[in-house]
Amino acid sequence: MGVKLLLEKAHVEGIRTYEVYRREGGYRAAEKALKTMSPDDVVEEVKKSGLRGRGGAGFPTGLKWSFLAKPEGIPRHLVCNADESEPGTFKDRYLMEYIPHLLIEGLIISSYALGSNNTYIYIRGEYAWIVDILEQAIQEAKNNGWLGKNILSTGFDCEIYVQRGAGAYICGEETALLESLEGKRGNPRIKPPFPAVQGLWNRPTVVNNVETLSAVVPIINITGEEYAKIGVGRSTGTKLISACGNINKPGVYEIDMTISVEEFIYSDEWCGGIKNGKRLKACIPGGSSVPILPANLLLKTAKGETRYMNYESLNDGGFVSGSMMGSGGFIVLDEDQCIVKHTATLAHFYRHESCGQCSPCREGTSWMDKIFQRLESGKGKMSDIDLLWHIQFNIDGNTICPLGDAAAWPVAAAIRHFRDEFEWHITHAEEAQKRNYGLAHYADPLPIVQ
Amino acid sequence: MAVQFSQEKMNKVQEIIARYPEGKQKSALLPVLHLAQEEFGGWLSVETMDYVASLLNLLPIEVYEVATFYTMYNTKPVGKYVFEVCQTGPCMIEGSHEIIDYIKEKLGIGVGETTQDGLFTLKTVECLGACGYAPMMQLGKHYKEHLTKEKIDAIIEECRKNATINN
Ligand SMILES: Cc1cc2nc3c(=O)[nH]c(=O)nc-3n(C[C@H](O)[C@H](O)[C@H](O)COP(=O)(O)O)c2cc1C
Ligand code: SF4
Ligand code: FES
């Protein structure tokens, strides 16, 4: 069993309630931070921990916090991003559902560090029942003096509010989230200005993911230095992975980023292997936006080294032969899955979720979706593959927000690694309606590139 | 149905507005639209949207813009029970299409349609954050996960029963 910092107590009977959470050592970190540390001490501790944003981009949290502008007389805000809508990702939901006080405690400490007296949790609208769980936890924390005015007689005031979104993946992008929280359409803003200077209602704002803010609790408890010792290199601490697809044990797992991808997939402690004794074909290791990898490149890098479940190793090979940790949404596909069909659902997803502000994204996602529908209905042309390639290429890097890139990358990687499967779809259109291309050569050992 | 919140809901609206700084009551728009949709028949008519605009001191267009942007707001009437089945990749490989086809056949409606008795609407939606428990759908406030044909039968049965009790 690896180290567990977030989910260790998640299955203690009654942990959702304040009493049990407190009895199990909860709110000790909040007490320590508010009573014995200055806000800057907390920021320093988070810096030392090496914690990187768990929402997808992996930006160092302490550094982000230190960018927050602090002009005299203007309130600042912390906003927790609980929009969780990246296909394959369901880890924040797990934290909030099972151990809501951990997030609330993390928010209290982080609000103290950043000087946010009014902190908002922006949660995807579909997680309606979790709103009740969070509001209950907030009320309990307040009843016990952890929120409200003059918390623990420190002079620090803090309120936490839960705001429900209403079904829009784009509102997970931090500036779209802020627009939405202001009661507008979720159209991302042009940066700069960055939220750290002009965010919510033009006030300095920090937006962080649910898991990131929850991780602040163990960091304060064990110190940043100790936290940094867990994991490897710049992948410090633990990471939640939500695993799904053709595996025996789908679910949310906390890993310490030292295990190999192979172990994660096949060990009974984690995914428990591929379902029905099938073989592994491909995997999207960090949520739908990151590049898909065939089995051979997933388990070993192009250099023939073991690939590990951490930021650096998953990214080894860049976009040519690697992928990304992303949001930790780990989607496993077995030998019976069709890469074209799976990618088609993602193309459809991004078309549906594009806010429509920039033409490369709006038009590009719409074309890609149409071409995939054509391929799927057996009417594809060989030139469609290059056309898809060109469209994704023209979106990538040419848009206001990263949704455009997120839509381009899955298509690029699917074509890069599974081009012969795309071709077969076109040359064997009729057969492709009845059966899948299968595993083909995708698990075969590759020549090692030095 | 006259569009007017009860006193209890009005208090809730005030409580929501109080979460934001003075003059920033526009931030209350999404939560208040959710409240309005729940209260006034599961969808947002022009009358309802205009009412919300007046409550928050907004121009009607500011409300229409938002209501049409977010997929959870219905700008057309829907059935009493809306089946929102996820069709994105991870659910697709676990058989969401078969589930959708089964619901279509069982209720005799297509995607986006409502049964004649006004009880059921079928919608397809994108990833709801339940990929490990696929196939799945949203029904009202809750998720129905690990769907099978038998589960669909039971859910439909239960909805019909509840509808008769509530009438
Ligand atoms: C299209 C898009 C969707 C995103 N969705 C989410 C999300 O659901 N949750 C999240 O925490 N971050 C999401 N992000 C990343 C946020 O913009 C932001 O980087 C993150 O909330 C920062 O928090 P972190 O540093 O703690 O990860 C998304 C980004 C993009 C471009
Ligand atoms: S890239 Fe797409 S989602 Fe992002 S702002 Fe442009 S159109 Fe909107
Ligand atoms: S793909 Fe269906 S819930 Fe994520």
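Which residues lie nearest the centre of the largest cavity? I put this to the predicted model before anything else. A:P188, A:C355, A:C358, A:C361 and A:C401 lie nearest the centre. The full lining of the largest cavity counts 13 residues.

**Entry 1: the largest cavity and ligand 2**

I looked up the volume next. The largest cavity holds about 80 Å³. I then asked what takes up that space. Ligand 2 does. I listed the surroundings of ligand 2 and got 13 residues. The closest are A:C355, A:C358, A:C361, A:T399 and A:C401. I sorted the shell around ligand 2 by class: eight residues are nonpolar, five are polar and none is charged. I sorted the lining of the largest cavity too, and noted eight nonpolar, five polar and no charged residues. Cysteines count as nonpolar in this sorting.

**Entry 2: the second largest cavity**

How many cavities of 30 Å³ or more does a search of the whole structure find? I noted two. The second largest cavity offers about 40 Å³. I wrote down its lining: A:I284, A:S288, A:V290, A:I292, A:T343, A:L346, A:P410 and A:A414. In chain A, α15 (339–353) and α18 (403–427) are the elements that give two or more residues to this lining. By class I found six nonpolar residues, two polar ones and no charged one.

Why does the second largest cavity lie between domain 2 and domain 3 of chain A? Domain 2 (235–334) and domain 3 (339–434) both contribute lining residues, so the cavity lies between them.

**Entry 3: ligand 1**

I moved on to ligand 1. I counted 18 residues around ligand 1. A:G55, A:N81, A:N208, A:N209 and A:T212 are the closest. I then checked polar contacts to oxygen atoms of the ligand. From A:E84, a backbone N or O atom lies 3.0 Å from an oxygen atom of ligand 1. A:E174 also places a backbone N or O atom 3.0 Å from an oxygen atom of ligand 1. For A:N208 the contact comes from the side chain: a polar atom there lies 2.9 Å from an oxygen atom of ligand 1.

**Entry 4: the second largest pocket**

Next I turned to pockets. The second largest pocket has a volume of about 1,200 Å³. I counted 37 lining residues. Nearest its centre are A:A128, A:R164, B:E38, B:G140 and B:K141.

Which elements supply at least two residues each to this lining? From chain A I noted α7 (128–143) and β4 (156–164). From chain B I noted α1 (7–17), α2 (29–39), β1 (81–86), β3 (137–139), β4 (142–144) and α7 (149–166). The largest share, five residues, comes from α2(B). I also sorted the lining of this pocket by class. The result was 13 nonpolar, 11 polar and 13 charged residues.

**Entry 5: chain B**

I closed with chain B as a whole. I counted seven helices and four strands. Along the sequence they run α-α-α-α-β-α-α-β-β-β-α. The C-alpha trace of chain B spans about 50 × 35 × 25 Å along its principal axes. The domain assignment divides chain B into domain 1 (7–69) and domain 2 (81–166). How far apart do the C-alpha centres of these two domains lie? I noted 28 Å.

Methods: Residues numbered from 1 in each chain as written. Chains lettered and ligands numbered in written order. Predicted model: local features only at pLDDT ≥ 70, side-chain atom pairs only at ≥ 80, totals over all residues. Heavy atoms only, no water. Near = heavy atom within 4 Å. 1 Å grid on protein atoms, 1.4 Å probe; cavity = no way out; pocket = protein on both sides within 12 Å on 5 of 7 lines; lining within 4 Å. Sits in = over half its atoms within 2 Å of the grid points. Points joined across faces, edges and corners; volume = space filled by probe spheres on them. Domains from an automatic or database assignment. Polar contact = N/O pair within 3.5 Å; in protein donor to acceptor, adjacent residues only side chain to side chain.
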